[in-house]
Amino acid sequence: FSELPQHLRHRAVRLAAEACLVQLLITGFVHADPHEGNLKYMHDGRICFLDFGLMDRVSPRVMEGFADGIRSVVSQNWTALAQSMQQVEFVPDPVKRNLRPNSTRPLWVDSTFDEFVEALGQEVGGDADAQTRFGDMAAALKRLSNRYLMLTPDYVVLMTRTFVTLEGIAASYDPSFNIYTTALPITLRRLVSPSTKEARANLRNNVLTEKGELKWSELKELLKTTEQAPAEAAEGEEMTLLDAEDSNPSSSDSGFRPLEGLLGSSEGQCLRRMAYDIDLKALFNFLASRDARSLRKQVAIWLAGKLDLRHLASSSKSVEEPPVGSPEYEKLQKQRAQRDRRALRFILRSQWNRLHFRALPSLALAVLVFFLRVSGTALILILRRFLRRLRRGVVAVVKSPVSFFTWLGRRRDQQALTS
């Protein structure tokens, strides 16, 4: 990576981190020795892994536990983090407490779960570095293991090695690198595509009611803890979407698209089932209501970004990032898109067939209100951006002559002094 230009170094580090996180949370087949000698940045913008002598497999249950754990760290939910640690068999159930800390002959007794959660919150919650770096998290849990029993399955040792090595590379090129926020899009992919029967049932019960109505508060909480907060937001201040001005709509720290190719894949079975069972009328009635104002803003900011002239120009001639495009990759992308379209057509056709004729007028009205409100907000946002850019342009034009005459006067003064 050291031989790459500066902007490609950051991209290479993030791609390597995303690749390792996808292995841990999605595929379950993990490269456990990702040092710089085993990573190569290809000319087409991809990361190539070398030397597969140290690999490990992770079960679906452990992948889901890790995803829940990452989400819990970001949201600082120490109860959920403790539950995830038990799920991946890192902490026994019941919890064991050591009556002889710092002793070579520990004495383990049963402890309450709440007591362990409190100790976990004090150890991890009080360490800001542990909430940004996997290595510091491992150190915090090592300190906690002096008081509470921590188990060490084989995969824990290899996972620690993998991400501590990766963080070492990232620290040398990107000091602000945060393994947990980098993992959030991949975590979302795992959470909405559960593999185990228990996880599928939990996702459905958390998001849908028995009548097929969405539980919006739970869904909002899920999406809230799996998205990155804008870096421009001031500390302690919530940035609304309408305040996100003039950021490049096409730029993104993450090249991973969480839901790409999911709907039509075998992993999207749970998502397809929920989309099939959802009450379409109740969905759009909510989207058109006042309670969904923040959600409509999300859609409006996305739509305004897509219609932004700078986005259209940059998408037509992007030169900073080389295209990822082997023939095999392009073919795979087309196949994924085709499967997604087939799955979406089936879901929409099934929803249409289940609609009663009497429900169509009210459904059409709710859909119309939703799209009018979204398009209106998007139009306001586009106009605000245009006016801000116009004001900046006018100010620049006004300042230009002043700056020119100031420079000319200074030049004349210098010539007079020299003469």
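How many helices and strands make up the secondary structure of the protein chain?

## Overall picture

Welcome to this predicted model. The protein chain has 15 helices and six strands. Its sequence runs to 419 residues, and 38% of them count as buried. Take the contacts between residues at least 6 apart in sequence: 75% of these join residues at least 24 apart.

On the outside, the protein chain exposes about 25,100 Å², with carbon and sulfur atoms supplying 56% of that area.

## The second largest pocket

Rolling a probe the size of a water molecule over the atoms shows where empty space is left. Here, the second largest pocket comes to a volume of about 760 Å³. It is lined by 26 residues, and those closest to its centre are Asp68, Arg71, Leu191, Asn202 and Asn206.

Which helices each supply at least two residues of this lining? They are α2 (60–75), α3 (78–87), α7 (179–191), α8 (197–207) and α9 (216–224). Sorted by class, the lining holds eight nonpolar, 10 polar and eight charged residues.

## Helix α4 and its cover

Helix α4 covers residues 113–125, and its length is easy to check. Its 13 residues, at 1.5 Å each, should span 18 Å, and the end C-alpha atoms are 17 Å apart, so the two values agree.

Which residues of α4 are buried? The set consists of Phe116, Val117, Ala119, Leu120, Gly121, Glu123 and Val124. An α-helix has 3.6 residues a turn, so residues three or four places apart point the same way. Among the elements covering the buried residues of α4 are α3 and α5 (134–144).

## Leu214, between two helices

Now to a loop: Leu214 sits between α8 and α9, two helices that also contribute to the lining of the second largest pocket. Setting aside neighbours within four places in sequence, Leu214 makes contact with Val207, Leu208, Leu219, Ile278 and Leu283.

Leu214 and Phe286 are 72 residues apart in sequence, yet their C-alpha atoms are 9.3 Å apart in space.

## Arg272 in helix α10

Our last stop is Arg272, found in helix α10 (residues 269–277). Is Arg272 buried, exposed or partly exposed? Arg272 counts as partly exposed because its relative accessibility is 24%.

Beyond residues up to four places away in sequence, Arg272 touches Leu262, Leu263, Gly264, Ser265, Ala343 and Ile347. For one of these partners, Leu262, the distance is also available: it lies 10 residues from Arg272 along the chain, with 9.3 Å between the C-alpha atoms.

Notes: Residues numbered from 1 in each chain as written. Predicted model: local features only at pLDDT ≥ 70, side-chain atom pairs only at ≥ 80, totals over all residues. Heavy atoms only, no water. Helix = DSSP H or I, 4+ residues; strand = E, 2+ residues; numbered from the N terminus. Buried < 20%, exposed > 50% of the residue type's maximum accessible area, 1.4 Å probe, protein only. Contact = heavy atoms within 4.5 Å. Areas by Shrake-Rupley, 256 points an atom, 1.4 Å probe, with all protein chains shown as cover. 1 Å grid on protein atoms, 1.4 Å probe; cavity = no way out; pocket = protein on both sides within 12 Å on 5 of 7 lines; lining within 4 Å. Points joined across faces, edges and corners; volume = space filled by probe spheres on them. Nonpolar A, V, L, I, M, F, W, Y, C, P; charged D, E, K, R; others polar. Expected span 1.5 Å × (residues − 1).
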